[in-house]
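Trainee: Pick one buried spot in this protein and give me a close look at it, please. Then work outwards from there, and explain the cut-offs as you go.

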Amino acid sequence: MRIGLNNIHTGILLTKVIKEKHISNPALGKMIGRIPLSVKQYKQKSTMQTAVLAEICHALQHNFFSDMADKLPQHFTKNQPNTDKINQEKDALIAQLQEENKVLKIQNDILLEIQKGKI
């Protein structure tokens, strides 16, 4: 027996979502260009090709890969987006907004002074 494979059964995941979305085998088969018997077989099998699963993800608008990832131990590594670039973009946006905020405060103070007749 291989470690960790027993807790991820793609057929069970698929069946659950199909039931929740009230989709029939023929309907899903039509969405992915396969016969209803294929859908029935997908629901029964514990494994599935990733390309087929990706097609089903798009058809049902559900991320089965995320569902499977949630079943893996938290300490497993995963590819992360380039957080340095994301953080740099956020920092630049924050700096820009802070500068805009300073300008708006000055403009607001000037308008208040004009309204009070002090300028």
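Mentor: Start at F64 and see what it touches: L13, L14, V17, L53, I56 and C57, leaving out residues up to four places away in sequence. Contact here means heavy atoms within 4.5 Å. Before going further, keep in mind that this is a predicted model, where local features need pLDDT of at least 70 and side-chain atom pairs count only at pLDDT 80 or more, while totals for chains, interfaces and linings use all residues. Residues are numbered from 1 along each chain as its sequence is written, and side-chain values use heavy atoms, with hydrogens and water left out.

F64 is part of a bigger story. Along with L14, L28, Y42, M48, I56 and L60, F64 has the most contacts inside the largest nonpolar core, which has 17 residues. Helices α1 (10-20), α2 (25-32), α3 (36-44), α4 (50-60) and α5 (64-70) each supply at least two residues of that core. The largest share, five residues, comes from α4. A nonpolar core is a set of buried Ala, Val, Leu, Ile, Met, Phe, Trp, Tyr and Cys residues joined through side-chain atoms within 4.5 Å. Buried means under 20% relative accessible area, exposed over 50%, and partly exposed in between (1.4 Å probe, protein chains only). Helices are DSSP runs of H or I with at least four residues, strands are runs of E with at least two, and both are numbered from the N terminus. As a rule, nonpolar side chains in soluble globular proteins tend to be buried together.

Now look at α1. Its buried residues are T10, G11, L13, L14, T15, V17 and I18, and what covers them includes α2, α3, α4 and α5. T10 counts as buried because its relative accessibility is 7%. Again leaving out residues up to four places away in sequence, T10 touches K45, S46, T47, M48 and M68. Take S46 from that list: S46 sits in the loop between α3 and α4 and is partly exposed, at 37% relative accessible area. With that same sequence filter, S46 touches I8, H9 and T10. I18 is another story: the C-alpha atoms of S46 and I18 are separated by 16 Å, with their positions 28 residues apart along the chain.

Next come the charged pairs. A search of the whole structure finds two salt bridges, a salt bridge being a side-chain nitrogen of Lys or Arg within 4 Å of a carboxyl oxygen of Asp or Glu. K16 forms one with E20, the closest N and O atoms being 3.9 Å apart. K16 and E20 are about one helical turn apart, because they are four residues apart in helix α1. K16 is exposed, at 53% relative accessibility. In the other bridge, E55 pairs with R34, and the closest N and O atoms are 2.6 Å apart. This pair links distant parts of the chain, E55 being in helix α4 and R34 in the loop between α2 and α3, 21 residues apart. Both partners are partly exposed: E55 has a relative accessible area of 33% and R34 has 26%.

The loops have a backbone quirk worth a click. Most residues other than glycine have a negative phi, and most peptide bonds are trans. Yet just after α1, H22 takes a positive phi of about 55°. H22 is in the loop between α1 and α2 and is exposed, at 71% relative accessible area. Q61 has a positive phi too, near 50°. Q61 lies in the loop between α4 and α5 and is exposed, at 70%.

Finally, swing over to helix α6 (residues 83-116), where you'll find I106. I106 is exposed, with a relative accessible area of 52%. Together with I110, L111 and I114, I106 makes a nonpolar surface patch of about 390 Å². Patches are made of residues with over 30% relative accessible area and no salt bridge, with like charges joined within 9 Å and nonpolar side chains (Val, Leu, Ile, Met, Phe, Trp, Tyr) within 5 Å. The areas come from the Shrake-Rupley method with a 1.4 Å probe, and for residues only the protein chains shown count as cover.

As for trust in the model, the mean pLDDT of the protein is 90, and 94% of its residues reach 70 or more. pLDDT is the predictor's confidence in each residue, from 0 to 100.
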